[in-house]
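Grab a coffee and work through these exercises with the structure open beside you. Try each task before you read its solution.

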Amino acid sequence: MTATPTLVWFRRDLRLADHPALTAAVAAGGPVIPVFVLDPETEALGAAAKWRLGRAIAAFAARLESMGSRLVLRRGDAHATLRGLAAETGAGSVRWTRLYSPAWVARDKAVKAGLAAAGILAESHPGYLIHEPWAPQTGAGGFYRVFTPFWRAVAPLGAPEPLPPPARLPGPAPWPRSDRRAVWRLDAGMDRGAAVVAGF
């Protein structure tokens with residue numbers, strides 16, 4: 001039996017190397033569909049952050065295309081968009097790298113619960129930080145509040161070896177529809193400032 005496709009939901013981790021969620025998707029054996037969702041939380045970013053994001057998306061999409069893959073762009077609520085895309089493609093799982101701000105944690109929990117309720121495997125992976133925030137704990141089991149004892153606890157843990165990029169990304173047939181990045185106008189708020197920043 002052929003493995004079902006896996007959606008890899010990219011957010012702030014637009015890279016191929018050292019990406020546990022992508023590595024797990026490739027290891028699953030089915031088609032891998034890279035996805036970026038422009039959801040309300042992402043649209044709330046400031047003008048400069050969105051301008052940088054637009055450039056990063058363009059560079060990452062080009063890198064994927066050089067491997068024979070694609071970055072599928074969709075706009076909307078993250079849960080509804082991912083669930084709809086899973087239904088479109090027959091994807092049996094969605095994987096992503098964890099983020100840690102309260103708003104994004106709440107969003108990701110809602111996405112995970114909603115996908116699981118629909119029978120879709122939803123797994124978050126480390127990869128944004130060297131260690132998960134809950135890894136170093138005090139003797140009493142809580143979080144450190146002072147840097148020096150925190151550093152004494154975390155320094156011996158070292159850093160994990162980075163994962164290599166995949167040699168290839170098997171794609172679906174056919175590919176799902178993708179928004180055009182230009183329509184998102186992520187650079188709109190930087191119409192005048194972008195020329196200054198890009199000059200450096």
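**Exercise 1. Place His19 in this predicted model: find its segment, decide whether it is buried or exposed, and list its contacts from farther along the chain.**

*Solution.*
Step 1: Start with the segment. His19 sits in the loop that joins strand 1 to helix 1.
Step 2: Check the accessibility. The relative accessible area of His19 is 0%, and buried means under 20%, so His19 is buried.
Step 3: Look for partners, skipping neighbours within four places in sequence. That leaves Val8, Phe10, Asp13, Thr97 and Leu163 in contact with His19.

**Exercise 2. Helix 1 comes right up in the sequence: which of its residues are buried, and what covers them?**

*Solution.*
Step 1: Helix 1 runs over residues 20-27, and its buried residues are Pro20, Ala21, Leu22 and Ala25.
Step 2: Think about the helix repeat. An α-helix has 3.6 residues a turn, so residues three or four places apart point the same way. With that in mind, look again at Ala21, Leu22 and Ala25 on the buried list.
Step 3: Now the cover. Strand 1, strand 2, strand 4 (93-97) and strand 5 (121-125) are included in what lies over those buried residues.
Step 4: Look at the end of the helix. Just after helix 1, Gly29 has a positive phi of about 95°.

**Exercise 3. Compare two loop residues, Pro164 and Ala173: where are they, and are they buried or exposed?**

*Solution.*
Step 1: Pro164 lies in the loop between helix 6 and helix 7. Ala173 is in the loop between helix 6 (147-154) and helix 7 (181-184).
Step 2: Exposed means over 50% relative accessible area. Pro164 has 58%, so it counts as exposed. Ala173 has 79%, so it is exposed too.
Step 3: Add distances, C-alpha to C-alpha. Pro164 and Trp151 are 13 residues apart in sequence and 28 Å apart in space. For Ala173 and Phe143, the sequence gap is 30 residues and the C-alpha atoms are separated by 47 Å.
Step 4: Check what Pro164 touches. Leaving out neighbours within four places in sequence, Pro164 is in contact with Leu16 and Ala17.

**Exercise 4. Go hunting for enclosed space: how many cavities of 30 Å³ or more are there, and what lines the largest cavity?**

*Solution.*
Step 1: Count them. The structure has one cavity of 30 Å³ or more. The largest cavity holds about 100 Å³ of space.
Step 2: Name the residues around it. The lining has 13 residues, and those closest to the centre are Arg11, Arg12, Phe36, Thr42 and Trp104.
Step 3: Trace the lining back to the fold. Strand 1 (6-10), strand 2 (32-38) and helix 5 (102-117) each give at least two residues to it.
Step 4: Sort by chemistry. The lining of the largest cavity splits into eight nonpolar, one polar and four charged residues.

**Exercise 5. Now do the open spaces: describe the largest pocket and the second largest pocket by volume and lining.**

*Solution.*
Step 1: The largest pocket has about 230 Å³ of space. Among its 13 lining residues, Asp18, Gly127, Leu129, Ile130 and Pro160 are closest to the centre.
Step 2: By class, the lining of the largest pocket has eight nonpolar, two polar and three charged residues.
Step 3: The second largest pocket has about 160 Å³. Its lining residues include Trp96, Tyr100, Asp108, Lys109, Lys112 and Trp134.
Step 4: Helix 5 supplies the largest share of that second lining, four residues. The classes there are five nonpolar, one polar and four charged.

**Exercise 6. Step back to the whole chain: what is its pattern of helices and strands, and how compact is it?**

*Solution.*
Step 1: There are eight helices and five strands, in the order β-α-β-α-α-β-α-β-α-β-α-α-α along the sequence.
Step 2: The radius of gyration is 18 Å, close to the 16 Å that the globule rule gives for 200 residues, so the chain is as compact as a globular protein of that length.
Step 3: Set the box beside that value: along the principal axes, the C-alpha atoms fill roughly 55 × 55 × 30 Å.
Step 4: Finish with burial and contacts. Of the 200 residues, 38% count as buried. Among contacts with a separation of 6 or more, 81% join residues 24 or more positions apart.

How values were computed:
Residues numbered from 1 in each chain as written. Predicted model: local features only at pLDDT ≥ 70, side-chain atom pairs only at ≥ 80, totals over all residues. Heavy atoms only, no water. Buried < 20%, exposed > 50% of the residue type's maximum accessible area, 1.4 Å probe, protein only. 1 Å grid on protein atoms, 1.4 Å probe; cavity = no way out; pocket = protein on both sides within 12 Å on 5 of 7 lines; lining within 4 Å. Points joined across faces, edges and corners; volume = space filled by probe spheres on them. Nonpolar A, V, L, I, M, F, W, Y, C, P; charged D, E, K, R; others polar. Rg over C-alpha atoms; globule rule 2.2 N^0.38 Å. Contact = heavy atoms within 4.5 Å.
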